[in-house]
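Colleague: Before I rely on the terms in your description, I would like to hear what stands behind each of them. Please take me through the reasoning.

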Amino acid sequence: METLVLALLMLAAVLLSSIIDQLVPKITSPLIQIGLGLLIALFATNQIDLTFDPDLFLVLFIAPLLYDESRSVDKVALWRNRKPVLSLAIGLVVVTALIVGFAMHWLEPSIPLAAAFALGAALGPTDAVAVASLSRDADIEPRSKSILEGESLINDASGIVSFQFALAFAVTGTFSLFDASIDFAISFFGGIAIGIVLGYLGNLLVRRVRNWGLENTTFHVLFEVFTPFIVYLAAHQMGTSGIIAVVAAGLMGVVSRRRATGPSISRMNIVSSSVWRVLSFTLNGVVFVLLGTQLPRAMKSSWGDVSINNGVLIGYVLLITLICLLIRFIWLVIMEFVHSRSLARDQRPGWRSDLKSALVMALAGPKGTITLAVMLTIPYLIPANNGTSPDLLEYFPQRNLIIFLACGVIVVTLLIATFIVPLIAPKKGPTEEDLRCDETQASLDMLRAVIEELTARQTSENRGATQRVIHQYNNRIARIKATNDIASEPNTALRLRALNWERDYVLQLIEREEVYPIVGYQYLSRLARAEDLMKHHLGRWSLQNAYLRLRALLRTGWHRLVRGLPGVSPTERTKAIRELQIQGSEHVVELLQHMLTSPDCNEPAEDVSALVLEYQHIIMLLRDAKPPLQSLSSMAEKAVDIERWALQLELEQIQTYYEAGNLCRSSAKRLRENVYLMQIDLEDDL
């Protein structure tokens, strides 16, 4: 039960981080998730002590994450930049592991050299999520961005393989460079071969099922979700790298999906993208929340270790971070210099541009999910005497210190990437298309036009269904305003105008003696109080209110004296006021609908339609009209038809705005795709 509660808390933290990320876009989601995990650990009644089976953790978290990254990568750009990507993903990872390992062992001899190598190997991979979030604000060059994305895909696999070899060395105490090279080649290239074969077989199976006429989107998407787990386990059983196999299978999946076309493929891709987006964000988030929960424990054990000064601990973290960044920067400077030499003389950007590009790419490669994931797989207990006494177990040397150092480097590199890189890299400016179109305002205007058209075509038969669809469009407008920080103040002027219409209408009924005067003026007094509240008049007696009360008293007295009739009873008066309110509300609804369909209307359509719906709801409540279940079902069917027609109107509005030059091509395309998705969802055809 405790494990279940912890899992639910982590999922809740990931869910909350998605909201905070939108409210505070300047802070990357990994930092937010680490902070939430830290809060969970601080307020937990017991210390959160997590132990992971290495293979289970890799197959449960890392395999699906790498598969999603590989299937989503730009294959053309990856192949174009294959040399720098492989240089960073393999060469830099190995060099980082060696230099950090020797440096850490020299600084802290209590950490065995093999364990220090494992730390260096874990710090080699960069975090793809952080790289993607950086590109939202910083204007990273397309080539640099492509290299960073390709590196974060492949260096995950090479870093994990290197970490596994270093960890095996730390556990067994034996290491042979020749044997390790042979094992690395078998693991690496064998994993590629198995991944390609299994990816091809999986694609062949999917095509065969499709040829049988079984266009089942659920089957295809679930099969795709199962693929990384199956590939990893199969490659692992064959003695090769399951991580490399998963990456290769993911690349095979990208090739297969882009070759096939058709409506069923499109539906599958839409569902698959949505499923993987949620799954990837959840798994990444859970790992970072785990990092937050483990920080207090790692800090407490290392912080309370009297053999190491706390200032020295912080110095270790900063020094390791500096070493990693310096190695990466030097490597990138050499790589950019070689790239510049390969260009024509007139196309070379210059050494200053090369240095700046290398610095941005060096700082824009923070450590993250993979680093923490593999560090948490370090076992607590290992065979004693480096495996010479397998029956005896001892604690892994300085496990908590190593995890503390890795966590510290992750946090520092994420902070640098979040706050320093945007200062170095130029901010992403608007393109020419962005400058000549305001998608937000155009979206609001188009949705308002749809509301006006729906109101104009409303009939007594489809009034309820139309109201439901208009309410949906009002909610969409409200969400757009909230997302773009557009103030949405209550339209008090429009409501006061509606009250004036209702008051004038009641006065006309009184003048024509179509309502009882005491009833009419009592209702007018109620309208006056409502007007006072809207105008924020705190006094219960205003001049207008007093005038209406005096007029009602005089007219009532005159009616009794002249006609000699008694006043109406309270029950009859209540019923008469209800009927009068229904008539007044219907009159206001009629005028508001006329305003909404009039070309001279200057009021926002969402405000007018919302007020119409409010008055119509009041009318329904006053009449105590409760539609039967059959009527509700019929209304729901009509609402679907009206919503289908409204979406078609929305597409027409997008085309009209695009042809008029009020919407750029990219925005029009994006808005059309959103409408197409809503149409597919409406038909329930996914």
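Modeller: On a 1 Å grid over the protein atoms alone, a cavity is a set of points where a 1.4 Å probe fits but cannot get out, and lining residues have an atom within 4 Å of a point. Grid points are joined across faces, edges and corners, and a volume is the space filled by probe spheres set on the points. By that procedure, the second largest cavity holds about 40 Å³ of space, and the whole structure has three cavities of 30 Å³ or more. This is a predicted model, in which local features need pLDDT of at least 70 and side-chain atom pairs count only at pLDDT 80 or more, while totals for chains, interfaces and linings use all residues. Residues are numbered from 1 along each chain as its sequence is written, and side-chain values use heavy atoms, with hydrogens and water left out.

Colleague: What makes up the lining of the second largest cavity?

Modeller: L92, T96, L123, G124, C324, R328 and K367 line it, and they divide into three nonpolar, two polar and two charged (Ala, Val, Leu, Ile, Met, Phe, Trp, Tyr, Cys and Pro count as nonpolar, Asp, Glu, Lys and Arg as charged, and the others, Gly among them, as polar). Helices α5 (82-107) and α13 (310-341) each supply at least two of these residues, where a helix is a DSSP run of H or I with at least four residues, numbered from the N terminus.

Colleague: Why is V85 called buried?

Modeller: Buried means under 20% relative accessible area, with a 1.4 Å probe and protein chains only; V85 has 1%, and is therefore buried. V85 lies in helix α5 and, leaving aside neighbours within four places in sequence, is in contact (heavy atoms within 4.5 Å) with L78, I147, G150, E151 and I154.

Colleague: Why does S187 count as buried?

Modeller: S187 has a relative accessible area of 10%, so S187 is buried. S187 lies in helix α9 (residues 177-211) and touches V161, T240 and S241, not counting residues up to four places away in sequence.

Colleague: How do you know that the span of α10 agrees with what is expected?

Modeller: The expected span is 1.5 Å times one less than the number of residues; the 21 residues of α10 (residues 217-237) should therefore span 30 Å, and the end C-alpha atoms are 30 Å apart, which agrees.

Colleague: What is called a kink in α10, and where does it lie?

Modeller: The bend at a residue is the angle between axes fitted to the seven residues ending there and the seven starting there; at F226, shortly before the proline P228, the kink is about 35°.

Key:
Helices (H or I, at least four residues) and strands (E, at least two) are DSSP runs, numbered from the N terminus. Buried means under 20% relative accessible area, exposed over 50%, partly exposed in between (1.4 Å probe, protein chains only). On a 1 Å grid over the protein atoms alone, a cavity is a set of points where a 1.4 Å probe fits but cannot get out, and a pocket is an open set with protein on both sides within 12 Å along at least five of seven lines; lining residues have an atom within 4 Å of a point.
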